[in-house]
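I opened the notebook to record one pass through this structure. I wanted salt bridges and strand pairing, in that order.

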Amino acid sequence: MAYLRYLDDSGRLQTKVLDSEHFVIGRASTCHLPLDSEKISREHLRIDLESDGRYRAHDLGSRNKTYVNGELITETLLTSGSVIRLGNRVVEFVDDASRPEGIDLEFLTPDRTEPPDCEWIKTKASLSLTHSQIEQLSQLVSDLPLAARAEDIADAALGQIILDLEAERGLIALRGERGTELRPLAHRALKRPAGRSMTPVSESFVMASLLQRVAGRYPKTSGQLNTKLGYAATGLVAPLTDRGEIIGVLYLDCPSGKKPFSRAALQYCAAAGAHVGALVGESSRKLTQFAGREGASWMSTVRRVQASLTCPVTSSEAFDVAMKCHPG
């Protein structure tokens, strides 16, 4: 089943099943998903179900355009986890029939300097959250089962955080054994499309959370936005923390952003890093306790069964290009 996740006018998370082969989103009340915003055209975007079961998004000549995963589009295929920006609203496409594509870390630019005009806050600094932000944090992964894996927690939380902050891409990763390595748990839109380039991410900015125990954003004001720097126009980063230890990183950005993330967004991101880090850490501890109680051999069998059921198809750029030309 394919559906859309979005925040309504009151900030509540909503889902809408794609129950039409030609699903229209726009400001008009006759649309399948009406969104009340003056920056959204009456009929802004159409999502078509193709004969091979995939979904394709078409911009309907909208005034403020459509972006998918931070890229301006006229039409494009959607994959589970695609983030769609229409005017000033963000919608996530989810397809239960497919899994989010795996990623490597080649999108990180091996730069030696961080983006200019950054603002940093220490992880131990006091945070000033609004009641709305606290409520948003309390809803993260609230519908997951108690036995959810770290990957499930990260994926659900990342989708919610992206909608809350109107971001376009994001990453949750654990810290590797050598301290400066990242092991991705979940992502949105950070896999390079076949045959195309993508806006890279500043490695120095992302790694600062691990190495310096800080959360940060760039830039501070709209006047400091610069899309010619070689990486995303505006970004947020925060460490994942569990029991006082940094266990990973949360990263969000807008490659095509026309306004920077606010300071309130930075505060929320820092708090989300602590909240998600605690959830991921607790999940890992429960798994370890369960393995010790049930026996390592039994857990090994469960892991092999799980791997056989969830093993993704090995892919490559050539394979992706071929699939676009000869689906199926």
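**Entry 1: salt bridges.** I started with the charged pairs and got 14 salt bridges in the structure. The model is predicted, so I note that side-chain atom pairs count only at pLDDT 80 or more. I then went through several of them.

Arg46 and Asp48 came up early: their side chains form a salt bridge at 2.8 Å, N to O. I checked burial on both ends. Arg46 is partly exposed at 25% relative accessibility. Asp48 has a relative accessible area of 10%, so I logged Asp48 as buried.

Next I looked at Arg56 and Glu50, whose side chains meet in a salt bridge at 2.6 Å, N to O. Here Arg56 is buried at 18% relative accessibility. Glu50 is partly exposed at 26%.

**Entry 2: a pair between distant segments.** I looked up Arg85 and found its side chain in a salt bridge with that of Glu168, 2.8 Å from N to O. Where do Arg85 and Glu168 lie? Arg85 sits in strand β10 (residues 83–86), and Glu168 is in the loop between α2 and β14. The pair therefore ties together parts that are 83 residues apart in sequence. Are the two ends buried or exposed? Arg85 is buried, with a relative accessible area of 14%. Glu168 is buried too, at 2% relative accessibility.

I also found a network of salt bridges, which links Arg5, Glu92, Asp155 and Arg188.

**Entry 3: the sheet.** I turned to the strands. What is the strand order in the open sheet of six strands? I read β13-β17-β18-β19-β14-β15, with antiparallel pairing. The edges are β13 (119–122) and β15 (182–188), and each pairs on one side only. From one strand to the next, the twist averages 15°.

I then took β14 and its two partners. β14 (residues 169–175) pairs with β19 (residues 245–254) in the antiparallel sense, over six bridges. In that pairing I noted Leu174 opposite Gly248 of β19. β14 also pairs with β15, again antiparallel and over six bridges. On this side Ile172 stands opposite Ala186 of β15.

**Entry 4: the helix over the sheet.** I looked for what packs on these strands. Helix α2 (residues 150–165) lies across β14, β15, β18 (234–242) and β19. The helix runs at about 50° to β15.

I wanted the burial of β15, given that it is an edge strand. The strand is mostly covered, with five of its seven residues buried.

**Entry 5: His187.** I picked one residue in β15 for a closer look: His187 belongs to that strand. Why does His187 count as buried? Its relative accessibility is 11%, and the cut-off for buried is under 20%.

Which residues does His187 touch, leaving out those up to four places away in sequence? I listed Glu101, Gly102, Ile103, Leu158, Gly170 and Leu171. Leu158 falls within the α2 range of 150–165, and Gly170 and Leu171 fall within the β14 range of 169–175.

I logged one polar contact as well. A polar atom of the His187 side chain lies 3.3 Å from the backbone nitrogen of Leu190.

Methods:
Residues numbered from 1 in each chain as written. Predicted model: local features only at pLDDT ≥ 70, side-chain atom pairs only at ≥ 80, totals over all residues. Heavy atoms only, no water. Pairing = 2+ DSSP bridges. Helix = DSSP H or I, 4+ residues; strand = E, 2+ residues; numbered from the N terminus. Axes fitted to C-alpha atoms, helices over the stretch in contact; angles between N-to-C directions. Contact = heavy atoms within 4.5 Å. Salt bridge = Lys/Arg side-chain N within 4 Å of Asp/Glu carboxyl O. Buried < 20%, exposed > 50% of the residue type's maximum accessible area, 1.4 Å probe, protein only. Polar contact = N/O pair within 3.5 Å; in protein donor to acceptor, adjacent residues only side chain to side chain.
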